[in-house]
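Visitor: Got a minute to walk me through this one? I'd like to poke at a few residues.
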Amino acid sequence: MFRHGSRQLLARATTMRWRRPFSTGLPAEPRVDSTFVEAWKKLIPNTEPPKTPSAFMDPRPATPSSIPSKLTVNFVLPYSSELSGKEVDMVIIPATTGQMGVLPGHVATIAELKPGLLSVHEGNDVTKYFVSGGFAFVHTNSFADIIAIEAVPLDQIDPNLVQKGLTEFTQKLSTASTDVEKAEAQIGVDVHSALNAALTG
């Protein structure tokens with residue numbers, strides 16, 4: 001029974017056209033594929049249909065007709081949430097393509113983060129974090145989700161330890177004999193160089 005059911009589902013998946021637009025401007029209400037649910041219940045009536053990741057997420061707010069005055073930022077780490085639904089004027093993120101300023105109404109973007117300075121601008125107040133890497137997702141509804149592997153407020157970083165680490169990793173890079181040692185040393189040099197630039201710049 002399962003063998004035939006999987007064939008039917010596979011045949012349906014290959015002939016079905018994707019109806020949802022590939023855009024961050026998705027409708028506010030989540031959609032349920034009733035055809036899939038009905039087909040699932042016919043084939044496997046004793047088992048509930050599987051839930052997709054969107055079933056566990058809050059619906060995204062609709063894209064406003066005019067540009068809002070504030071950018072709503074969610075800034076999260078694997079172990080904590082630094083900012084949740086915070087309305088700010090601008091964020092500047094260290095993208096791999098260069099420093100990227102994000103204002104309300106910014107075009108939808110996905111950017112990979114590199115080690116560097118993330119600054120959150122709220123009026124005259126600027127909060128600075130050093131991030132080691134991650135991703136930023138900017139949506140058309142003036143929401144920005146920033147996911148970092150590690151982040152530390154800039155004022156909590158000791159410049160002396162940064163200089164010490166940079167010296168150590170530079171020496172390791174010059175004496176590394178294997179590819180793994182070279183890669184690890186290069187990562188250390190890159191991160192400590194970015195830390196040093198964030199502190200001095």
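Guide: Sure, let's go through the cores, the aromatic rings and a couple of helix residues.

Guide: Keep in mind that this is a predicted model.

Visitor: Okay, which residues touch the most other members in the largest nonpolar core?

Guide: Those are Val 73, Phe 75, Val 91, Ile 93 and Ile 146, in a core of 23 residues. There's also a second, separate core with eight residues, among them Val 162, Ala 194, Leu 195 and Ala 198.

Visitor: Stay with Phe 75 for a sec. What is Phe 75 in contact with, beyond its neighbours within four places in sequence?

Guide: Quite a list: Ser 81, Glu 82, Leu 83, Leu 118, Tyr 129, Val 131, Ile 146, Ala 148 and Ala 151.

Visitor: I like rings. How many aromatic pairs does a search of the whole structure find?

Guide: Two. In one of them, Phe 75 pairs with Tyr 129.

Visitor: And why is the Phe 75 and Tyr 129 pair called edge-to-face, or stacked, or whatever it is?

Guide: It's edge-to-face, because the planes sit at 75°, and over 60 degrees counts as edge-to-face. The ring centres are 5.1 Å apart.

Visitor: Where do Phe 75 and Tyr 129 sit in the chain?

Guide: Phe 75 is in strand 1 (residues 71–76) and Tyr 129 is in strand 7 (residues 125–131). With the two positions 54 residues apart, the pair links distant parts of the chain.

Visitor: Phe 75 and Tyr 129: buried or exposed?

Guide: Both Phe 75 and Tyr 129 are buried.

Visitor: Which residue lies over the face of Phe 169?

Guide: Lys 172 does, 5.0 Å from the ring centre.

Visitor: New topic: Ala 194, from that second core. Which helix is Ala 194 in?

Guide: Helix 4, residues 179–200. Ala 194 has a relative accessible area of 15%, so it counts as buried, the limit being under 20%.

Visitor: What does Ala 194 contact further off in sequence?

Guide: Skipping neighbours within four places, Ala 194 is in contact with Pro 115, Gly 116 and Phe 130. Lys 114 is 80 residues away from Ala 194 in sequence, with 9.0 Å from C-alpha to C-alpha.

Visitor: Last one, Leu 173. Where is Leu 173 placed, and what does Leu 173 touch?

Guide: Leu 173 belongs to helix 3 (residues 159–175). Not counting residues up to four places away, Leu 173 touches Lys 182, Ala 185, Gln 186 and Val 189. The C-alpha atoms of Leu 173 and Ile 187 are 9.6 Å apart, for a separation of 14 residues along the chain.

Visitor: What is the relative accessibility of Leu 173?

Guide: It's 29%, so Leu 173 counts as partly exposed.

Technical notes: Residues numbered from 1 in each chain as written. Predicted model: local features only at pLDDT ≥ 70, side-chain atom pairs only at ≥ 80, totals over all residues. Heavy atoms only, no water. Helix = DSSP H or I, 4+ residues; strand = E, 2+ residues; numbered from the N terminus. Buried < 20%, exposed > 50% of the residue type's maximum accessible area, 1.4 Å probe, protein only. Contact = heavy atoms within 4.5 Å. Core = buried A, V, L, I, M, F, W, Y, C linked by side-chain atoms within 4.5 Å. Phe/Tyr/Trp six-rings, centres within 6.5 Å; stacked < 30°, edge-to-face > 60°. Lys NZ or Arg CZ within 6 Å of the ring centre and 35° of its normal.
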